[in-house]
Amino acid sequence: MEENNLLAMSREVISKYPVADLATVDAEGYPHVRPMYTMRVDDDFNVYFATSKVLPKIQEIEADHQVAVSWTAMNPGDMTDWQHVMLKGIANVSDDQKLKNELWSDMLGKYFQGKDDPNYVIIVIQPVELLYTDEKHYPTKHLKFEQ
């Protein structure tokens, strides 16, 4: 599977199923997985999530920037019709106001007082490796990103 096709198929999964599972490592060394809504995947496959800076995941990212993100799209009527994307990457937390303005969505109003809320931050994940699999492309296909 060529690189452009792998990226396109991965983007399709993310657009079908934007709620991802973000895994960090907690203070005791265990994986901590939680659902996150994918705000954006840019041309370089950097992934963006909105969150609050007072949540444990921020301290976990600051302690260990290596994370994994997973998206799965599945046809509930056909258990053999599924696609899975996993991204290994380096996470950083941004409070850049321009970026926060660009990514703001009305759905975030449930969690924040607005674009200027000091607790509103963006997690930016720089890709290291992309893994893709589905019922037709097995074993998993890998793409390493240049650092």
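Biologist: Let's start with S94: is S94 buried or exposed?
Modeller: Keep in mind that this is a predicted model. S94 sits in strand 5, which runs over residues 82–94. Buried means under 20% relative accessible area. The relative accessible area of S94 is 17%, so S94 counts as buried.

Biologist: Which residue's backbone nitrogen does the side chain of S94 reach?
Modeller: If we set aside neighbours within four places in sequence, S94 is in contact with L99, V121, I122 and V124. The side chain also has a polar partner, at 3.1 Å. That partner is the backbone nitrogen of D96.

Biologist: Moving to strand 3, how far apart in space are Y48 and V124, C-alpha to C-alpha?
Modeller: Y48 lies in strand 3, and at 10% relative accessibility it counts as buried. Without its neighbours within four places in sequence, Y48 has contacts that include Y37, L99, L103, I123 and V124. Y48 and V124 are 76 residues apart in sequence, yet their C-alpha atoms are separated by 4.8 Å.

Biologist: And E129, which side chain does it join in a polar contact?
Modeller: E129 is part of strand 6, and its relative accessibility of 8% makes it buried. Beyond neighbours within four places in sequence, E129 touches M86, L87, K88, H142, L143, K144 and F145. One of these is joined to E129 side chain to side chain, at 2.8 Å, and that is H142.

Biologist: Which residues of helix 2 are buried, and how wide an arc do they cover?
Modeller: Helix 2 spans residues 56–63, and its buried residues are K57, I58, E60 and I61. They lie on the same side of the helix, because the arc they cover around the axis is only 165 degrees.

Biologist: Which exposed residues sit on the face turned away from that buried side?
Modeller: The cover over the buried residues of helix 2 includes strand 1 (19–25), strand 2, strand 3 (47–52), strand 4 (66–74), strand 5 and strand 6 (120–134). The face turned away from the buried side carries the exposed residues E62 and A63.

Biologist: What about the largest pocket: which strand gives the largest share of its lining?
Modeller: The pocket holds about 250 Å³ of space. Its lining has 13 residues, with M36, A50, T51, L108 and Y111 nearest the centre. Strand 2 and strand 3 each supply at least two lining residues. The largest share, 4 residues, comes from strand 2.

Biologist: How many residues of that lining are nonpolar?
Modeller: The lining can be split by residue type into three groups. There are 2 polar residues and 1 charged residue. The nonpolar ones number 10.

Biologist: What is phi of F45 near?
Modeller: F45 is in the loop between strand 2 and strand 3, and it is buried, with a relative accessible area of 1%. Most residues other than glycine have a negative phi. F45 is a residue other than glycine with a positive value, near 70 degrees.

Biologist: Is P35 buried or exposed?
Modeller: P35 belongs to strand 2, residues 31–41. Leaving out neighbours within four places in sequence, it is in contact with V19, A20 and D21. Its C-alpha is 4.5 Å from that of D21, 14 residues away in sequence. The relative accessibility of P35 is 57%, so P35 counts as exposed.

Biologist: Which residue's backbone oxygen lies 2.8 Å from a polar atom of the side chain of S15?
Modeller: S15 is in helix 1, residues 3–16, and at 57% relative accessibility it is exposed. Its C-alpha is 9.5 Å from that of V41, 26 residues along the chain. The backbone oxygen in question belongs to E12.

Biologist: Last one: how far apart in space are K141 and L6, C-alpha to C-alpha?
Modeller: K141 has its place in strand 7, residues 141–144. With 27% relative accessibility, it counts as partly exposed. K141 and L6 are 135 residues apart in sequence, and the C-alpha to C-alpha distance is 7.8 Å.

Note on methods. Residues numbered from 1 in each chain as written. Predicted model: local features only at pLDDT ≥ 70, side-chain atom pairs only at ≥ 80, totals over all residues. Heavy atoms only, no water. Buried < 20%, exposed > 50% of the residue type's maximum accessible area, 1.4 Å probe, protein only. Contact = heavy atoms within 4.5 Å. Polar contact = N/O pair within 3.5 Å; in protein donor to acceptor, adjacent residues only side chain to side chain. Arc of directions from axis to C-beta. 1 Å grid on protein atoms, 1.4 Å probe; cavity = no way out; pocket = protein on both sides within 12 Å on 5 of 7 lines; lining within 4 Å. Points joined across faces, edges and corners; volume = space filled by probe spheres on them. Nonpolar A, V, L, I, M, F, W, Y, C, P; charged D, E, K, R; others polar.
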